[in-house]
Amino acid sequence: MDSHSSPKPNDAGLSAKFHSSADLLADLEPETMGEIAAAAADVALVIEDGIVKDVALGDEALVAEKFDELWLGKPWIDTVTVESRIKIKELLTSDHNHGGERWRHVNHPSQSALDVPVRYTAVKIGEAERFIALGRDLRGMARLQQRLVEAHQELERDYVRMREAEGRYRVLFDSVSDAVLVVEPNTFTVEDANPAAVRLLTDGNLSLIGKPASDFFDKSEKLKVDETFANCLSSGSAELSELILASKRQATLIVSAFREGRDVRLIVRISNIGEDISDFSSHQALLSYLDDLPDALVLADADQRIIAANSAFGQMTQMSSDAGARGGRLQDFLGRSATDLNVLFSALKKHGVIRNFATVARDRFGSEEQVELSAVVAPSGDENIFAFSIRSVARRLPDSAKLDEQLPSSSAQFTELVGRVPLKDIVRESTVLIERLCIEAALEITDNNRASAAEMLGLSRQGLYSKLKRVGLDAGD
C-alpha cells in the first residue's frame, strides 16, 4: 500500500493505521519510537520469542514495584498470575494482532499482598516473533469501582433503615392509647393523627388531616391552644392542663417540638385530665438507695422523658445533678439516633425486659461513649415507667483469641491489638475479611453472576475464582 492509500479498518470500523505513515514517520529513530511507546502507556514491553527484552514504566507506582528489574529477561508468560497465562498466549498469536486492537486484562503478582491489574495490547513488529506490548494500569479503575460498590451498598442500607424506621414509627404511632397529632408549625394544621386521636376528637367519623388543630377544642380554648403551640416552638415543650375539647371532655395537652430535616414539627399528645404521669416522687426513695451504684440508672415515661436519674447518670452526661436531666428527652442522652430508642421502647412494650442493648450515651457537650443498657417496664397506675441500667463498655478490649470472629473496625481498636496480636496476623485477617466482604457484596449486587461480579471488582473470572478459594467461599460453578 502506498503512503496515500486509505487505511484498512479493523473489526470495529475504526482506522487502525495512520493515513500517511510512510512519509511522516519514516525518519523516526528506534529511541524515539521507544519514547513514544513508553509515553502512550503505563507499561511498554519489547517482547522477542516470548521473552521480555526491554521494559519502560510510565507510572511511579509501577516503578516502585521494581517490575523493570523483575521482568527483564524472563518469559512474559511467567510474569503474570496463573489465570492470565492464556491471555498472554492470545496476545502473542500473530493472527490476533492486526493494528493492536485486541486488549486483554492480566494480573501481575507484586511484592505487596495484592496483584497489579494491567490491560495490554500487543503489536507485532516485522516478520520475526517480536512484539511491542502496551499496558494500562487498572488499579485506579478498580478503586473507583470499589468506591461505587461501597456507595451503592450504603444507599441500599440507608434505604432499608429508612423503611424499617418508617414501619416501626407507624406501628408505634398507631398502637399508642393516647391521642397523638403531628402538627405543622406555621399554620398549626394537622398533618397526621393516630386512630386514638380520630376516636377522641371526631368519634371516628371525620378526618383530621389538613384542619387546624384548635378546631377540635372548645371555642373558648382555641387561643390558649395556639399560644401553647407557639410556646413549644420557642422552648421545645409545653403543657396545658384542664383543657376542654369540642366534645366538652376535659383533657391535658402535652406538646413537644422535634426537627425533621430542616423543618420542625409539633407532636401533640392529648390525655385525660385524670391521668397525671408527672408525679413520680415515690420513686426517688428507691433511687436514694441506688444513687451510689457505679452504673447509671434512669426512669423514663412512655413519652421518653426522664423522670429521675442517679448521680452516675449525672456524671455520664456531665450534668451537675440529676435534676438537670429530669424532664429532658431521653434521646438527647441515649441512642445513635431516635430509631435506637424507638426500637428499644417497642421491644420493651412487647417483651417487658431488654438485656445488653448496645448503643451510645452522649453528654451535654455532644461527646459520645459506647454503652450497653438493660431495661424493664414497671406498671404505675394507668401508665408504664421504663427503668434503665446503663453501663459503659468503652474500655473493654476485644479478645485476641477471637480475632477471626470479631475483627476491629476502627483505628482505635486496631491500636488496642498492638502488642497482643502479631502485626502479620492483623494484616492478613484484615485483608481476607475485606476481600470476602467485597466479593460477597459484588455477588449479591449481580445476583450471583460471577462474570459480572468479576468485572465489577476489576478481576478476571479465574482471578475471582482464585480469590473465592482464598477467602473460603465456594468457587464451584
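Contact here means heavy atoms within 4.5 Å. With that in hand, take L330: leaving out residues up to four places away in sequence, L330 touches V298, A300, Q304, I306, L341, F345 and F388. Keep in mind that this is a predicted model, so a look at the confidence comes before the rest.

**How far to trust it**

The protein chain has a mean pLDDT of 75, with 76% of its residues at 70 or more. Over residues 1-15 the pLDDT is below 50, and this stretch has 16 contacts in the model beyond near neighbours in sequence. Residues 273-283 also stay under 50, and for them the model has 16 contacts beyond four places in sequence. By element, confidence is highest in helix α5 (residues 85-91), at a mean of 88, and lowest in helix α9 (residues 282-290), at 52. Where pLDDT is low, the predicted coordinates should not be read in detail.

**The overall picture**

There are 16 helices and 15 strands in the protein chain. Of its 477 residues, 39% count as buried. Looking at contacts between residues at least 6 apart in sequence, 42% join residues at least 24 apart. The chain exposes about 27,700 Å², and carbon and sulfur atoms supply 51% of that area.

**Two nonpolar cores**

In soluble globular proteins, nonpolar side chains tend to be buried together. Here the largest nonpolar core has 28 residues, and L330 is among those with the most contacts inside it, along with V298, F313, L344, L348, F388 and I390. Several elements chip in at least two residues each: the strands β11 (296-300), β12 (306-309), β13 (353-362), β14 (368-380) and β15 (383-392), plus the helices α10 (311-316) and α12 (338-351). Helix α12 gives the most, with five residues. Apart from this core lies another, of 27 residues, including V190, A193, F217 and L240.

Q304, one of the residues touched by L330, is worth a second look. Q304 sits in the loop between β11 and β12, and counts as buried, at 14% relative accessibility. Q304 also has a positive phi of about 65 degrees, although it is not a glycine.

**Other backbone oddities**

Most residues other than glycine have a negative phi. Which residue in the loop between β1 (43-48) and β2 (51-57) has a positive phi? That's D49, at about 55 degrees, and not a glycine. D49 counts as exposed, at 58% relative accessibility, whereas Q304 is buried.

Further along, G472 takes a positive phi of about 85 degrees just after α16. The buried residues of helix α16 (residues 461-470) are G463, L464, Y465, K467 and L468.

**Salt bridges, and a busy stretch of α6**

Side chains of opposite charge can pair when their charged atoms come close. The structure holds 14 salt bridges, and here are some of them:

| Salt bridge | N to O distance |
|---|---|
| R139 and D137 | 2.9 Å |
| E154 and R157 | 2.8 Å |
| D158 and R161 | 2.2 Å |

Are the partners in the R139 and D137 pair buried or exposed? R139 is at 18% relative accessibility and counts as buried, and D137 counts as buried too, at 17%. The cut-off for buried is under 20%.

The other two pairs belong to helix α6. E154 and R157 both lie in α6, three residues apart, about one turn of the helix. D158 and R161 are also in α6, three residues apart, again about one turn of the helix. E154, R157, D158 and R161 are linked in a network of salt bridges. For exposure, E154 is partly exposed at 33% relative accessibility, and R157 is partly exposed at 41%. D158 is partly exposed at 34%, and R161 is partly exposed at 41%.

What else does this part of the chain have to show? A nonpolar surface patch of about 290 Å² is made by Y159, V160 and M162. Y159 lies in helix α6 (residues 139-175), and is partly exposed, with a relative accessible area of 43%. Residues need over 30% to join a patch, so Y159 clears that bar at 43%.

Key. Residues are numbered from 1 along each chain as its sequence is written. This is a predicted model: local features need pLDDT of at least 70, side-chain atom pairs count only at pLDDT 80 or more; totals for chains, interfaces and linings use all residues. Side-chain values use heavy atoms; hydrogens and water are left out. pLDDT is the predictor's confidence in each residue, from 0 to 100. Helices (H or I, at least four residues) and strands (E, at least two) are DSSP runs, numbered from the N terminus. A nonpolar core is a set of buried Ala, Val, Leu, Ile, Met, Phe, Trp, Tyr and Cys residues joined through side-chain atoms within 4.5 Å. Buried means under 20% relative accessible area, exposed over 50%, partly exposed in between (1.4 Å probe, protein chains only). Patches are made of residues with over 30% relative accessible area and no salt bridge: like charges are joined within 9 Å, nonpolar side chains (Val, Leu, Ile, Met, Phe, Trp, Tyr) within 5 Å. Accessible areas come from the Shrake-Rupley method with a 1.4 Å probe; for residues, only the protein chains shown count as cover. A salt bridge is a side-chain nitrogen of Lys or Arg within 4 Å of a carboxyl oxygen of Asp or Glu.
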